[in-house]
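Let's take a walk through this structure, looking at how its side chains pair up. Have the sequence and the 3D view ready as you read.

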Amino acid sequence: MSEASTRTARDARPAAQRVRDAAKELFYRQGIRATGVEEVCRVAGTTKMSLYRAYPSKDALVEAILREDCESAACTYAAAMAEGVPPRERPLAYVRAAADVLRQPGFRGCPMGLAIAEFPDPDHPARKVADAEKRATRDRLRRLCAEAGADDAAGLGDVLLLLL
């Protein structure tokens, strides 16, 4: 039976999407380095050929997942930074949004922080994505604190980043 006909019976999503979804869950739960591509393919119900057709390497898959996590985080915090929220209330709204994430069942930590811990080499593609997102978050928090009128917006933004 071909992969396409098997997929129809089991899961109609394209192989690349199934690989990405399976890898995202496994990498978050078990760790990126602790999870092999064979396990990702087994959970996704696909072949290594399908994985490598969609992603030239495991590193490319990790990078794609982290970029997706960045987009998801931006959506999570968008309401806290919306124009309808008074500037003075935005830092607290951001922290409340983060607290909601922290309370979710199965939360194990920030995917960017976990990636940074697994990839100490600053030139690794995953590390570059994670570092860039952490810098962007730091800048965002500092800006929110400045717009809120904080005396030491940079210091408060840095403290909030440490808490989140």
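First, a bit of vocabulary: a residue is buried when its relative accessible area is under 20%, exposed when it is over 50%, and partly exposed in between (1.4 Å probe, protein chains only). Keep in mind that this is a predicted model, where local features need pLDDT of at least 70, side-chain atom pairs count only at pLDDT 80 or more, and totals for chains, interfaces and linings use all residues. Residues are numbered from 1 along each chain as its sequence is written, and side-chain values use heavy atoms, with hydrogens and water left out.

Let's begin with the charged side chains. Side chains of opposite charge can pair when their charged atoms come close. Here a salt bridge means a side-chain nitrogen of Lys or Arg within 4 Å of a carboxyl oxygen of Asp or Glu, and the structure holds 14 of these salt bridges.

Take lysine 48 and glutamate 38, whose side chains meet in a salt bridge at 3.3 Å, N to O. That pair links distant parts of the chain, 10 residues apart: lysine 48 sits in helix α4 (residues 48-54) and glutamate 38 in helix α3 (residues 37-44). Helices here are DSSP runs (H or I, at least four residues), numbered from the N terminus. Lysine 48 is partly exposed at 39% relative accessible area, and glutamate 38 is partly exposed too, at 47%.

Now move along to aspartate 158, partly exposed at 23% relative accessibility. Which arginine does aspartate 158 meet at 2.8 Å, N to O, in helix α8, 16 residues apart? That's arginine 142, itself partly exposed at 25%. Aspartate 158 also forms a salt bridge with arginine 138, with the closest N and O atoms 2.8 Å apart. This second pair connects helix α8 (residues 125-147), home of arginine 138, with helix α9 (residues 153-163), home of aspartate 158, and the two residues are 20 apart in sequence. Arginine 138 is partly exposed, at 33%.

Finally, the aromatic rings. Rings of Phe, Tyr and Trp (its six-membered ring) pair if their centres lie within 6.5 Å; planes under 30 degrees apart count as stacked, over 60 as edge-to-face and the rest as tilted. Searching the whole structure turns up 1 aromatic pair: tyrosine 77 and tyrosine 94, stacked at 4.2 Å centre to centre with 15° between the planes. Tyrosine 77 belongs to helix α5 (residues 58-78) and tyrosine 94 to helix α6 (residues 90-102), so the pair ties together parts 17 residues apart in sequence. Both tyrosine 77 and tyrosine 94 are buried.
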